[in-house]
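Good morning, and thank you for making time for this item on the agenda. Please have the sequence and the structure in view while I speak.

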Amino acid sequence: MTSSAPAPRVITVVGPTAAGKSDLGVFLAQRLDGEVVNADSMQLYRGMDIGTAKLTLPERGDVPHHLLDIWDVTETASVAEYQRLARGEIDRLLAAGRTPVLVGGSGLYVKGAIDALEFPGTDPEVRARLEEELTERGPGALHARLAAADPEAGRAILPGNGRRIVRALEVIEITGRPFTANLPGNDAVYDTVQIGVDVARPELDERIALRVDRMWEAGLVDEVRDLEARGLRDGLTASRALGYQQVLAALAGECTEEEARAETIRATKRFARRQDSWFRRDARVHWLSGAAQDRGELPHQALALVERAVTA
């Protein structure tokens, strides 16, 4: 049943992995005559289904989902390109009188979609030099340099994410400013209501462990093996995805599958903390308790929040 209250122009559902964002996004889209726009950087990739917890077609509840399965695993992700695609979808939905519901935990992707965010250019010589250094010294050494130059960026970017570390160092060198100084404040380009799903850390850790176990049982290793044959190891972005990176290591004989599973759980818990820290910095996010989710109250609390925002 569609709510009679007018919907805000854009809704975002954000928070850490395993918090329950996807199901909430579907619920809100169903009630508000909306459609979902994906804001999970790894769900953009074709074939990366199990390890990204991508909703199956039945789980999408007949709600159209956009920006899923648009890139091959060999393609390098670009926030600027995502921004272009996401705004195109948002503008199209608004023009059709539909409510865009942006769902995902990739903070910079969400910000790029809804805020006035311009990306510094690139310098091929600087980029090539940094990438050569990455190959020779590894991401750890470059991350240490980044953390010294821009502590906030060092906290936000995973130490093993060589591509993002190189980009941050490149921006610092090109602009002469910290990487995070190039990110603007919260200057929105759309009238947006942001909803954060807040799950207590012990419970979230349990959910993450259970989710990873279920991914293994659902065939994550076989999924990665299939994607490896399609060039996953050559994908600078996709090969670093949580779960996929660890399984690739196991397939290469660098660890056992059990060790890969345990490391996926550990790495995902660390990543969830980084996601939570990112979204907590944005005072516009309205946080709803995961305890309400356990009682089945979260969807209706979120709907009431949206409707209050419309009538305020």
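**From helix H10 to the whole chain**

Let me start at one position: just after H10, glycine 253 takes a positive phi of about 80°. Helices and strands here are DSSP runs numbered from the N terminus, with H or I of at least four residues for a helix and E of at least two for a strand.

Before going further, I should state that this is a predicted model, in which local features need pLDDT of at least 70, side-chain atom pairs count only at pLDDT 80 or more, and totals for chains, interfaces and linings use all residues. Residues are numbered from 1 along each chain as its sequence is written, and side-chain values use heavy atoms, with hydrogens and water left out.

How many of the 8 residues of H10 are buried? The number is 6, so this helix is largely enclosed by the rest of the structure. By buried I mean under 20% relative accessible area; exposed is over 50%, and partly exposed lies in between, with a 1.4 Å probe and protein chains only. The buried residues of H10 are Tyr244, Gln246, Val247, Leu248, Ala249 and Ala250. Their cover includes helix H8 (201-218), helix H9 (220-229) and helix H11 (257-280).

Within H10, which spans residues 244-251, I would single out alanine 249. Alanine 249 counts as buried because its relative accessible area is 15%. Apart from neighbours within four places in sequence, alanine 249 is in contact with Glu254 and Cys255, where contact means heavy atoms within 4.5 Å. From alanine 249 to glutamate 259 there are 10 residues in sequence, and the C-alpha to C-alpha distance is 9.8 Å.

I turn now to H9, one of the helices that cover H10. Which residues of H9 are buried? They are Leu220, Val221, Glu223, Val224 and Leu227. These residues lie on the same side of H9, because they cover an arc of only 160° around the axis. That arc is the arc of the directions from the helix axis to the C-beta atoms. On the other side of H9, Asp222 and Ala229 are exposed. The packing partners of the buried H9 residues are H8, H10 and H11. After H9 comes glycine 231, with a positive phi near 100°.

Positive phi values also occur at residues other than glycine. Alanine 18 is not a glycine, yet its phi is positive, about 75°. Alanine 18 sits in the loop between strand E1 (10-14) and helix H1 (21-31), and it is buried, at 9% relative accessibility. In H1 itself, the buried residues are Lys21, Leu24, Gly25, Val26, Phe27, Leu28 and Ala29. Following H1, aspartate 33 has a positive phi near 55°. Aspartate 69 likewise is not a glycine and has a positive phi, of about 60°. Its place is the loop between strand E3 (65-66) and helix H2 (79-95). Is aspartate 69 buried or partly exposed? With a relative accessible area of 29%, aspartate 69 is partly exposed.

Two distances along the chain deserve mention. Glutamate 131, in helix H4 (residues 124-137), is partly exposed at 37% relative accessibility. Its C-alpha atom is 6.7 Å from that of valine 166, 35 residues apart along the chain. Proline 120 belongs to the loop between helix H3 (107-114) and H4. The C-alpha atoms of proline 120 and alanine 302 are separated by 36 Å, with their positions 182 residues apart along the chain.

Finally, the chain as a whole. It contains 13 helices and 6 strands. A compact globule of 312 residues would have a radius of gyration near 20 Å, and the 19 Å of this chain agrees with that. The radius is taken over C-alpha atoms, and the globule rule is 2.2 Å times the number of residues to the power 0.38. The C-alpha trace spans about 60 × 45 × 35 Å along its principal axes. Of the 312 residues, 48% are buried. Of the contacts between residues at least 6 apart in sequence, 75% join residues at least 24 apart.

That concludes my remarks, and I welcome discussion.
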